[in-house]
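Biologist: I am new to this one. Can you put it up and take me through it?

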Amino acid sequence: VRALEQRGYLQLRVADISRRARLSEAVFYVYFANKEEITVEVLSEFLDHTFEVGQAPDPKPQRSLFEALEHANLRWISAVRANAGLTRCLLQLADQVPPFRELASRRNHQWYQHVTRTLLRRVGATELDEGAPLLAVRALGGMIDELCGTVFVSREPHAVALVEATVPTDSALAEFVSILWYRGLFGREPIVARHPAGR
């Protein structure tokens with residue numbers, strides 16, 4: 001994991017992994033055929049863990065719908081910031097390894113289905129066809145993924161400067177994007193915002 005975070009998948013060499021593990025490359029090859037095999041294993045576990053944490057029951061089930069959205073978005077923003085190197089590797093591996101791309105795509109779709117069903121249950125619309133809400137959730141989720149990727153993973157200077165000047169904390173960013181989510185899903189204002197950018 002440390003070698004992936006520091007080097008990225010594309011620059012990673014078996015020698016980097018062996019050196020970090022304090023093993024010879026010969027021992028590495030007893031367990032893994034190549035860097036792709038170990039990376040798929042490590043990042044598959046990372047994906048599983050990320051989705052398990054995201055689907056864990058809310059410790060405060062009495063939260064309002066907006067607060068629940070904000071809490072989920074804050075967890076995602078904080079996770080991407082804390083694991084920017086691994087997130088970059090996920091994207092690189094998905095570009096390079098079609099079976100992993102399929103796995104990541106399936107897990108992502110399952111996540112969006114989970115979010116959609118949770119939202120429909122929270123608003124009492126369980127009989128509603130899932131198609132349009134799922135598409136809306138994917139579009140809004142894609143917005144956050146793109147923003148987090150640009151700011152925390154690729155560190156695009158203009159985006160980083162804009163976020164730092166406008167929503168300088170993870171909680172301010174989570175509130176901001178959650179307001180956009182809420183407006184996009186329900187067509188109304190959710191709350192009186194706490195952070196200036198939300199207002």
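Modeller: One term to start: a salt bridge is a side-chain nitrogen of Lys or Arg within 4 Å of a carboxyl oxygen of Asp or Glu. R183 and E189 form one, with 2.8 Å between the closest N and O atoms. The model is predicted, so local features need pLDDT of at least 70 and side-chain atom pairs pLDDT 80 or more, while totals for chains, interfaces and linings use all residues. Residues are numbered from 1 along each chain as its sequence is written, and side-chain values use heavy atoms, without hydrogens and water.

Biologist: How many salt bridges does that rule give?

Modeller: The count is 10. Salt bridges with shared partners also join R7, R13, D16 and R19 into one network.

Biologist: What helices and strands are there?

Modeller: The protein has 10 helices and zero strands. Both are DSSP runs numbered from the N terminus, with at least four residues (H or I) for a helix and at least two (E) for a strand.

Biologist: Back to salt bridges. Which one links distant parts of the chain?

Modeller: R107 and D48 meet in a salt bridge at 3.7 Å, N to O. R107 sits in helix α7 (residues 98–122) and D48 in helix α4, 59 residues apart.

Biologist: And which residue does E102 pair with?

Modeller: E102 forms a salt bridge with R106, at 3.3 Å between the closest N and O atoms. Both lie in helix α7, four residues apart, about one turn of the helix.

Biologist: Is E102 buried or exposed?

Modeller: In between: E102 counts as partly exposed at 43% relative accessibility, and R106 is partly exposed at 39%. Buried means under 20% relative accessible area, exposed over 50%, and partly exposed in between, with a 1.4 Å probe and protein chains only.

Biologist: What share of the protein is buried?

Modeller: Buried residues make up 40% of the 199 residues.

Biologist: New topic. What lines the second largest pocket?

Modeller: Its lining includes V1, R2, L12, I17, R20, I38 and V42. Helices α1 (2–11), α2 (14–21) and α4 (35–55) each give two or more residues to that lining. A pocket is an open set of points on a 1 Å grid over the protein atoms alone, where a 1.4 Å probe fits, with protein on both sides within 12 Å along at least five of seven lines; lining residues have an atom within 4 Å of a point.

Biologist: What is its volume?

Modeller: The second largest pocket has a volume of about 200 Å³, a volume being the space filled by probe spheres set on the grid points, which are joined across faces, edges and corners.
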